[in-house]
Amino acid sequence: MENQMTAQNLQAPAPYPNMPVNGMAAQMDSINQGTVAIEASRAIAEAQGKLVIAKRFPRDEVQAYSKMMEACRRPAMAEKAFYSFPRGGQTVEGPTIRFAEELARCWGNIDYGIKELSQDEGKSEMQAYAWDLETNAQSVQNFTNPHQREQGRKMVALTSQRDIYENNANMATRRLRSRILAILPSWFVDSAIAECKRTLAGNNEITLTDRVKKMVVAFSRLGVTQEQLEHRLKRRVDTTTTEDFVEYTGIYNAIKNGESKASAWFSAAPEATELTTALKEG
């Protein structure tokens with residue numbers, strides 16, 4: 001019958017009917033090279049456009065400093081400016097990626113970001129970069145990120161694309177923070193850190209005492225009691241100093257963001273206080 005379809009009829013037609021099969025590989029290479037060339041031209045044009053705009057509208061350092069100081073005087077900004085986490089029996093602390101991004105915004109004419117250069121079996125090639133469009137100062141870091149996540153004392157392989165994406169973004173963000181801070185003037189960064197600490201200490205609008213009270217409430221929502229805070233502090237919470245408050249703010253951010261657990265910082269809550277013990281003995 002004329003409408004009968006054979007197995008040969010069901011085969012997909014060749015993309016280039018007049019081309020021998022052995023010539024298709026060369027044609028696909030040509031297409032790939034053409035795509036790469038187009039993307040390269042687009043990237044160059046985009047970069048040139050950014051440079052032209054930066055030269056046409058150069059930064060005003062006085063205005064940038066003023067914007068930075070205003071931002072650091074906001075409690076919402078200062079509270080997210082620092083991180084802390086335990087490592088090898090010591091506390092590692094420093095400015096967060098949010099702090100670095102805010103400084104980049106205030107300084108202006110900075111291009112920064114993260115890229116996934118390639119993804120192979122079990123790993124991704126990543127890049128974190130920051131580029132001052134006015135001075136042409138650049139800080140770039142390429143690194144390989146395995147598709148693994150630490151769970152307890154074991155490394156577990158990631159198979160979900162969402163898990164891989166989140167893991168890549170997390171690792172790249174840490175490096176991006178360093179890249180941004182590397183191209184900003186040190187005096188600009190140091191001034192911002194000092195102003196954020198003054199804000200956290202209560203020298204800007206809210207007193208330190210009130211901030212400590214809010215801190216205790218915030219920790220309680222994470223399951224950390226006032227007794228646990230005082231046990232680590234080794235004294236009453238109402239004697240918290242500026243340095244203590246800055247450290248505890250970093251710890252709070254680390255626990256809240258899932259970068260560490262409360263048990264890494266605080267001992268388990270005591271089963272009974274001195275008062276309840278005395279009542280039982282009585």
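Select Tyr 65, which counts as partly exposed because its relative accessibility is 33%. The model on display is a predicted one. Tyr 65 belongs to helix H2, which spans residues 61-72. Display its surroundings next: apart from neighbours within four places in sequence, Tyr 65 is in contact with Trp 187, Phe 188 and Ser 191. Add Leu 103 as well; this residue is 38 places from Tyr 65 along the chain, and the two C-alpha atoms are separated by 9.4 Å.

Now show the side chains of Trp 107, Trp 187 and Phe 188 together with Tyr 65, since these four residues form one aromatic cluster. Trp 187 and Phe 188 have already appeared on this tour as contacts of Tyr 65.

**The cysteines**

Stay with helix H2 and move to Cys 72, then add Cys 196. How many disulfides does the model contain? The count is 0. The sulfur of Cys 196 is the nearest cysteine sulfur to that of Cys 72, at 3.5 Å, and Cys 72 is in no disulfide. A disulfide would require the two sulfur atoms to lie within 2.5 Å. Seen from the other side, Cys 196 is likewise in no disulfide, with the sulfur of Cys 72 as its nearest cysteine sulfur. Are these two residues buried or exposed? Cys 72 has 1% relative accessibility and therefore counts as buried; Cys 196, at 0%, is also classed as buried.

**From a loop into the sheet**

Select Asn 109, in the loop between helix H4 (97-107) and strand E3 (110-120). Its phi is near 55°, a positive value in a residue that is not glycine.

Continue into strand E3 and colour strands E3, E4 and E5. They make up an open sheet of 3 strands in the order E3-E4-E5, with antiparallel pairing. Which strands lie at the edges? They are E3 and E5 (138-146), each of which pairs on one side only. From one strand to the next, the twist averages 15°.

Focus on the pairing of E4 (residues 123-132) with E5: these strands run antiparallel and are joined by 9 bridges. To find a point of register between them, select Glu 125, which stands opposite Thr 144 in E5.

Two charged side chains over rings can be inspected next. Select Lys 115 and Tyr 129: the lysine lies over the face of the tyrosine, 5.2 Å from the ring centre. Then select Arg 175 and Phe 143, where the charged end of the arginine sits over the phenylalanine ring at 4.0 Å from its centre.

**Phe 219 and its two ring partners**

Turn to helix H7 (residues 208-220) and select Phe 219. At 0% relative accessibility, this residue counts as buried. The model has 9 aromatic pairs in total. One of them joins Phe 219 to Tyr 252, with 5.5 Å between the ring centres and 80° between the planes, an edge-to-face arrangement. The partners come from distant parts of the chain: Phe 219 is in H7, whereas Tyr 252 is in helix H9 (residues 242-256), 33 residues apart.

Keep Phe 219 selected and add Phe 266. How are these two rings arranged? Their centres are 5.7 Å apart and their planes lie at 80°, so this pair is edge-to-face. Planes over 60 degrees apart fall into that class. Phe 266 is in the loop between H9 and helix H10 (274-281), so its pairing with Phe 219 in H7 ties together parts that are 47 residues apart in sequence. Both phenylalanines are buried.

**A loop before helix H9**

Select Lys 234, in the loop between helix H8 (226-233) and H9. Is this lysine buried or exposed? Its relative accessibility is 72%, so Lys 234 counts as exposed. Although Lys 234 is not a glycine, its phi is positive, at about 70°.

**The whole chain**

Finally, zoom out to view the full model. The chain has 10 helices and 7 strands. Of its 282 residues, 33% count as buried. Among contacts between residues at least 6 apart in sequence, 57% join residues at least 24 apart.

Terms used: Residues numbered from 1 in each chain as written. Heavy atoms only, no water. Phe/Tyr/Trp six-rings, centres within 6.5 Å; stacked < 30°, edge-to-face > 60°. Helix = DSSP H or I, 4+ residues; strand = E, 2+ residues; numbered from the N terminus. Buried < 20%, exposed > 50% of the residue type's maximum accessible area, 1.4 Å probe, protein only. Lys NZ or Arg CZ within 6 Å of the ring centre and 35° of its normal. Contact = heavy atoms within 4.5 Å. Pairing = 2+ DSSP bridges. Axes fitted to C-alpha atoms, helices over the stretch in contact; angles between N-to-C directions.
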